[in-house]
Amino acid sequence: MKRTAINPVSWGDAFSMNQAEITEDATRVLRCAGQTALVEDPDAPHGLRVEGVGDIRRQMEASLAAVDDILHEAHMERSNIVFIRFYTTDTAGFMANYAVYADWIKPAHISPPQTVLGVAALASPELMVEIEVTAAT
């Protein structure tokens with residue numbers, strides 16, 4: 001797969017992102033539903049509980065770990081990510097902890113286009129972060 005960065009402005013460099021990318025020669029595409037800090041817990045309602053309640057940094061880490069699990073199951077790696085979308089109920093808190101993402105993506109040596117959206121609520125009132133990715137090989 002060939003990636004060509006499109007950056008008419010340079011401010012995205014500070015956020016480990018390209019403004020856009022052209023992806024060529026991809027044969028498999030993974031579209032991932034939003035990943036959150038929900039973890040299996042047989043004692044919790046619906047068998048799930050929110051990890052890191054009230055701790056946006058922990059929820060970012062848990063959500064990114066869930067993305068890693070999806071990528072692994074799809075026989076892909078972080079370097080295959082071509083787009084990432086973050087939803088958060090606390091944009092200021094998310095941006096204050098942005099290094100969690102930057103440190104996570106750095107070893108992949110890519111800067112996929114991304115969007116950060118502030119939302120009023122997610123699926124559970126305790127969730128503060130949800131992450132969607134598109135990946136390709």
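This is a short tour of one strand and its partners, followed by a few salt bridges, in a predicted model.

**Stop one: strand E6**

Select residues 81–88, which make up strand E6. Colour them by accessibility and you'll find that six of the eight residues are buried, so the strand is largely enclosed by the rest of the structure.

Now add residues 129–136, which is strand E8. E6 and E8 run antiparallel to each other and pair over seven bridges. For a landmark in this pairing, pick Ile84 and look across to Val133 in E8, which stands opposite.

Next, bring up residues 114–118, strand E7. Which sense does the pairing of E6 and E7 take, parallel or antiparallel? Parallel, over five bridges. A handy pair to label here is Thr88 and Gly118, with Gly118 being the bridge partner in E7.

While you have strands on screen, keep one thing in mind: in a regular strand the side chains alternate between the two faces of the sheet.

**Stop two: salt bridges**

Switch to side chains. The count for the model comes to seven salt bridges, and here are some to click through.

Start with Glu24 and Lys2, whose side chains meet in a salt bridge at 3.9 Å, N to O. This pair links distant parts of the chain: Glu24 belongs to strand E2 (residues 20–24) and Lys2 to strand E1 (residues 2–6), 22 residues apart. Glu24 has 35% relative accessibility, so it counts as partly exposed. Lys2, at 47%, is partly exposed as well.

Move on to Asp41 and Arg49, another salt bridge, this one at 3.3 Å, N to O. Is Asp41 buried or exposed? It's buried, because its relative accessible area of 17% falls under the 20% cut-off. Arg49, on the other hand, is partly exposed at 37%.

**Stop three: helix H1**

Select residues 56–73 to show helix H1, and pick out Glu61 and Arg58 inside it. They sit three residues apart, about one turn of the helix. Draw a distance between their side chains: the closest N and O atoms of this salt bridge are 3.2 Å apart. Glu61 is partly exposed, with a relative accessible area of 34%, and Arg58 counts as partly exposed too, at 29%.

Before you leave, add Glu51 to the selection. Which residues does the network here join? Glu51, Arg58 and Glu61 are tied into one network by salt bridges that share partners.

Key:
Residues numbered from 1 in each chain as written. Predicted model: local features only at pLDDT ≥ 70, side-chain atom pairs only at ≥ 80, totals over all residues. Heavy atoms only, no water. Buried < 20%, exposed > 50% of the residue type's maximum accessible area, 1.4 Å probe, protein only. Helix = DSSP H or I, 4+ residues; strand = E, 2+ residues; numbered from the N terminus. Pairing = 2+ DSSP bridges. Salt bridge = Lys/Arg side-chain N within 4 Å of Asp/Glu carboxyl O.
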